[in-house]
Amino acid sequence: MTIEQLAARLSAGALTTDPDIIAAHARDEALFCPHEGAIALVRAASASDVQEVMRYATANRVPVVPQGARSGISGGANGSPGAILLNVSRMNEVVAVDEAERLVTVQPGIINQDLKDHLAPYGLSYPPDPGSVALSSIGGNIATNAGGLCCVKYGVTRDYVRSLTVVLADGTLTTLGPRTAKGVAGLDLRHLFIGSEGTLGVIVEATLRLIPALPEPVTAVATFPDERTGLQTVADFMAAGGVPSLLEFLDATSLSMLNAFGDFGLDEDAGSMLIMQIDENPTDSEAAMAVFAEVAQACGALDVAYSDDPADSAALVAARRMIQPAYEKFAHAHGGGQLLDDVCLPRMAMPEFCDRLGELRSRSGLTIALVAHAGDGNTHPSVFFDAADAEETARAQEVFGEIMRIGLELGGTITGEHGVGYLKRDWLSSELDEGGQRMQLAVKAALDPLGILNPGKMFGAL
């Protein structure tokens, strides 16, 4: 079968070989990741389109790069030589809402926020809420096991995937996982695909567990003289039994960049700030706020305040969600370079991580900002540099790697939610021991024996 014959078997207009259109779809948001060489783009409209592409790819030994919204920052959706870009963003429908069972079945291209908006009239909620909630697709969220702001209480994407329909490398369509709340019939293959970054198959449908609509939270804000005291507060509060629905950290650099971006009125004299939310009943929320204030003050907080006004909560969370646009504005004005890391740590290790980050700042001379989903230890240091300066760019890449090395030394992981992709593939072997690497490669070989699914990404350096 030729590429022209494949086009005839797909939905009308699904396949293009126009170089300009391919180039426009050939990368995500990551820097320093190759993306050249794709030969075609298929914008699939159905599972049948996906099956036809994979059958063609298997018969002709053609690599395939599954894509969604391409909002990732690890190069996982980037093109590769000779590949077909298989984009499922047009598959964006809500297939069914089952109110009685609290389930929703969706196609992979639906945007996370659009799903939340669709569920609101039913009084139901899909909790995972990555910072890119308005941009990223559910399929991409599943492919990277995305977390977000509220996962400290409500969990990550993996916790809400009831079943998946996937297309395997040879075009086989299969459903993994039961629709029931319990089910142990055979191995739980569904979870192999959550976080697999398009290396094992292509997700074409997902049935997700829902919960009742989240209650309005009470929100606290605490400011601190430096980064360490803010992160120590997180560790101590959680160790004391705190159960926040959101606990976010921003350092002084991030506060300054946010104010420059949107005039949010955040305290730039503070060394760091915590935003904490509790969504329990009023009595429990009041008690939790008192504990949080006590812990924060014991750690040296400059100020602690809280509010039960939904408008206050919404404004603070909206400001937190603007951190990446604020970073991008700063980067654009300072040479254009930004590397956003994604190291997840034991909470008690975060203060030391902060100290080590300070040493990196001093040694490198680079601007390094830090925000974190601090309640679950997921830190996002961002390294800024002049992309036109070769020496400074090399230094930034070295610092990016050093941050991952420090994270591993402190018992953490190289990625909490952004994925390995191409950007971090060389570091995967540093985290996985020999047995783990062997098992990972064995699973990959069993499900993709020709190595055509997203080659050169996650497993590319093992």
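Let's start with an annotation: an unreviewed UniProt entry places the feature "domain: FAD-binding PCMH-type" at residues 34–213. In the model shown above, which is predicted, the end C-alpha atoms of residues 34–213 lie 42 Å apart. Helix makes up 21% of that span and strand 24%.

It helps to set this beside the domain assignment of the protein chain, which gives domain 1 (3–87), domain 2 (94–212) and domain 3 (218–410). Let's look at how domain 1 and domain 2 meet. Their C-alpha centres are 22 Å apart, and the contact draws 11 residues from domain 1 and 14 residues from domain 2.

How much area do domain 1 and domain 2 bury between them? The figure is about 970 Å², with 68% of it on carbon and sulfur atoms. On the side of domain 1, the residues that lose the most area to domain 2 are Q51, M54 and P66, which together account for 38% of what that side buries.

What about charged and polar pairings across this interface? Zero salt bridges are found between domain 1 and domain 2, while two residue pairs are in polar contact there. If you want to find this surface by eye, turn to helix α3 (residues 47–60): with six residues, helix α3 gives the most to the side of domain 1 that touches domain 2. Sorted by class, that side of domain 1 has six nonpolar, four polar and one charged residues.

Salt bridges do turn up elsewhere, and a search of the whole structure finds 20 of them. As general background, side chains of opposite charge can pair when their charged atoms come close. One pair to look up is D98 with R179, whose closest N and O atoms are 3.6 Å apart. This salt bridge links distant parts of the chain, as D98 and R179 are 81 residues apart. You will find D98 in strand β5 (residues 94–98), whereas R179 sits in the loop between β9 (173–176) and α7 (190–193).

Key. Residues are numbered from 1 along each chain as its sequence is written. This is a predicted model: local features need pLDDT of at least 70, side-chain atom pairs count only at pLDDT 80 or more; totals for chains, interfaces and linings use all residues. Side-chain values use heavy atoms; hydrogens and water are left out. Domain bounds come from an automatic or database domain assignment. Contact means heavy atoms within 4.5 Å. Buried area is the accessible area (1.4 Å probe) that two parts lose on being put together, summed over both. A salt bridge is a side-chain nitrogen of Lys or Arg within 4 Å of a carboxyl oxygen of Asp or Glu. A polar contact is a pair of N or O atoms within 3.5 Å; within protein, one must be able to donate a hydrogen and the other to accept it, and residues adjacent in sequence count only if both atoms are side-chain atoms. Helices (H or I, at least four residues) and strands (E, at least two) are DSSP runs, numbered from the N terminus. Ala, Val, Leu, Ile, Met, Phe, Trp, Tyr, Cys and Pro count as nonpolar, Asp, Glu, Lys and Arg as charged, and the others, Gly among them, as polar. UniProt positions are given in the numbering used here, feature names are shortened, and annotations may be inferred rather than shown by experiment.
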